[in-house]
Amino acid sequence: MLEVKDLSLYIDDLLLFNNINLQVKSGEVHVFMGKNGVGKSSIAKALIGDNNYKVKGQIIYNKEDITNLNIYERSKRGIYLINQNPMAIEGVTNAEMLRVALSEKLQKNIDIFSFSKELNQICEALELNPSFLHRDINVGCSGGERKKIELLHMWVLKPSLIILDEIDSGLDVDALKIVGKSLKKYLEEYKPGVIIITHSKSLIDFFPNCYVHLFSDHELLKSGDKSLALEILNKGFKEISNTFVISKNDKNE
Amino acid sequence: MNKLLVSDIIDIDEGSYELNCKSKEITINIHKTVNLYLINEEVEKININLNNNSILNIYKYDEEIKNDLKVIINQNNNSKINYYASFVNRKNSNLVILNNIKGNDNYSNINIRNVSEDGNSTIIIESFLESKTINNEAIENLKGITNGGLVHIEPNIEVSSNEVVANHFTTIGGLSNDAIFYLMGKGIKKEMAKKILLKGFKFSNMDEYIKNKCGVI
């Protein structure tokens, strides 16, 4: 599905990451971890085509080289990002945006009755008041409501690769449960590739199997299974990074 | 919705009306609580007199403004006005609103949205709060988007009284690249994203009646 080959990432000629290699297959959950400011969100933005980032290397999606495609083209191919702070757009309602986006995706006019029915069902599952459908996108919404609204968009647009940038931050326990269950259900139903950027294990716990990647100082330092996340959370980034760097140097010697 | 033909001066007690202006200058005297709608009306001067204890909500929408407009508002005591206007200019245009707050306990909210697609749009809003008046509030909320044209906004509040709440907000800029990026991330083409954002901006201060009339909802 997604293959990142020797990807180096720059912003204003400043190197953020060097030679990252990664593969995400359909139905897999990959967790990106690393200390604040290491550039995890930058990888997410580069993957969806934010042209503020300069990339070297290749991003292959479903066997197609998408390295030079813009965000619209990538979105059309099913790549979807939920940002840690979803933006608010005054004057554009969720329903209107989704109707336009869906008709663009399906290349046909949308049947309003079934569309409206589907939206209401998704709202119910997300415990989101249906009045949000006719409110401006994320305007006047709490952090938790914004994340649920972005999930509503996801369920309507049905992407095949989902990148979740700290979707769990700022959620109360109940909202986290709803978001986690919703993502799990989506994964079971549609088998997308999922990339989760997080600092806690609360969201990871919803997924029995996942791959964990530790990013540190310009590189993908270590990859492993779920136990790596627990190790990171128990020991902290500093200790685990030092251990790994020392053992890597010993090996080289 | 009732429609009212206005030739020059009209007194309105209460209710909601869509105005059809038959002359270039009209005078509206408000007595109780009134909602007024002006859609694509080519009027050049509007005089609004708010009697004591009256409330006016006025919505003026122009898909393409054809002429300069001057609005003069007079408030005496315990009156309230919400003046919402949204317009697109495709040539030079001038909008001047003068609000004279002469008495006490008045509220005024002037809220303007302008998309300048060609030419220069000049918007001058002046609220005057006279001396020895108390407990008045004046708000000016003015936003312009440059989409091929230019926007110049002067928000002025002249206060001669010691006891007043006065706020003005002005924003001029292009469409937000972040918002375009966000919509493109939902699978919407760049041109369509811009179109949606412009439409949203134009109707962001309009009420349901205007949106319905203009086919937005």
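These legends describe close-up views of helices and single residues in a predicted model.

**View 1. Helix 4 of chain A, end to end.**
Helix 4 of chain A covers residues 112-125, which makes 14 residues. At 1.5 Å a residue, helix 4 of chain A should span 20 Å. Its end C-alpha atoms are 20 Å apart, so the expected span and the model agree. Just after helix 4 of chain A comes A:Glu127, with a positive phi of about 55°.

**View 2. The two sides of helix 4 of chain A.**
Which residues of helix 4 of chain A are buried? They are A:Leu119, A:Ile122 and A:Cys123. These residues cover an arc of only 100° around the axis, which means that they sit on the same side of helix 4 of chain A. On the other side of helix 4 of chain A, the exposed residues are A:Phe113, A:Ser114, A:Lys117, A:Gln121 and A:Glu124. The cover over the buried residues of helix 4 of chain A includes helix 3 (94-106) and helix 5 (143-157) of chain A.

**View 3. A:Leu119, a buried residue of helix 4 of chain A.**
A:Leu119 belongs to helix 4 of chain A. Why does A:Leu119 count as buried? It has 22 other C-beta atoms within 10 Å, and 20 or more are needed for a residue to be buried. Leaving aside residues up to four places away in sequence, A:Leu119 touches A:Ala95, A:Leu133 and A:Val156. A:Leu98 is 21 residues from A:Leu119 along the chain, and their C-alpha atoms are separated by 9.5 Å.

**View 4. Helix 4 of chain A crossing helix 5 of chain A.**
The axes of helix 4 of chain A and helix 5 of chain A come within 10 Å. They cross at roughly 135°. Helix 4 of chain A and helix 5 of chain A are therefore oblique to each other. The crossing of helix 4 of chain A and helix 5 of chain A is right-handed. From helix 4 of chain A, A:Glu118, A:Leu119, A:Ile122 and A:Cys123 take part in the meeting. Helix 5 of chain A brings A:Leu152, A:Trp155 and A:Val156.

**View 5. Helix 3 of chain A and its surroundings.**
Helix 3 of chain A has 13 residues. From first C-alpha to last, helix 3 of chain A reaches 18 Å, close to the 18 Å expected at 1.5 Å a residue. Its buried residues are A:Asn94, A:Ala95, A:Met97, A:Leu98, A:Val100, A:Ala101 and A:Leu102. Within chain A, the buried residues of helix 3 pack against strand 7 (89-93), helix 4, strand 8 (136-137) and helix 5. They also pack against helix 1 (177-184) and helix 2 (190-202) of chain B. A:Gln107 comes just after helix 3 of chain A and takes a positive phi of about 55°.

**View 6. Helix 3 of chain A against helix 5 of chain A.**
At what angle do helix 3 of chain A and helix 5 of chain A pack? The angle is about 25°, with the axes 10 Å apart. That makes helix 3 of chain A roughly parallel to helix 5 of chain A. Helix 3 of chain A contributes A:Asn94, A:Leu98, A:Ala101, A:Leu102 and A:Lys105 to the contact. Helix 5 of chain A contributes A:Ile149, A:Leu152, A:His153, A:Val156 and A:Leu157. The crossing of helix 3 of chain A and helix 5 of chain A is right-handed.

**View 7. Helix 5 of chain A beside helix 6 of chain A.**
Helix 6 of chain A covers residues 173-190. The axes of helix 5 of chain A and helix 6 of chain A come within 11 Å and cross at roughly 15°. Helix 5 of chain A and helix 6 of chain A are therefore roughly parallel to each other. Their crossing is left-handed. On helix 5 of chain A, the contact is made by A:Gly144, A:Lys147, A:Lys148, A:Leu151, A:Met154 and A:Trp155. On helix 6 of chain A, it is made by A:Ala175, A:Val179, A:Ser182 and A:Tyr186.

**View 8. Two loop residues with positive phi.**
A:Glu127 lies in the loop between helix 4 and strand 8 of chain A. Its phi is near 55°, a positive value in a residue other than glycine. A:Glu127 has 12 other C-beta atoms within 10 Å, so it is exposed. A:Lys158 lies in the loop between helix 5 and strand 9 (161-165) of chain A. A:Lys158 is not a glycine, yet it has a positive phi of about 50°. With 14 other C-beta atoms within 10 Å, A:Lys158 is partly exposed.

Key:
Residues numbered from 1 in each chain as written. Chains lettered and ligands numbered in written order. Predicted model: local features only at pLDDT ≥ 70, side-chain atom pairs only at ≥ 80, totals over all residues. Helix = DSSP H or I, 4+ residues; strand = E, 2+ residues; numbered from the N terminus. Expected span 1.5 Å × (residues − 1). Arc of directions from axis to C-beta. Contact = placed C-beta atoms within 7 Å. Axes fitted to C-alpha atoms, helices over the stretch in contact; angles between N-to-C directions. Parallel < 35°, antiparallel > 145°, perpendicular 65-115°, else oblique. Left-handed = near helix turned anticlockwise from the far one by under 90°.
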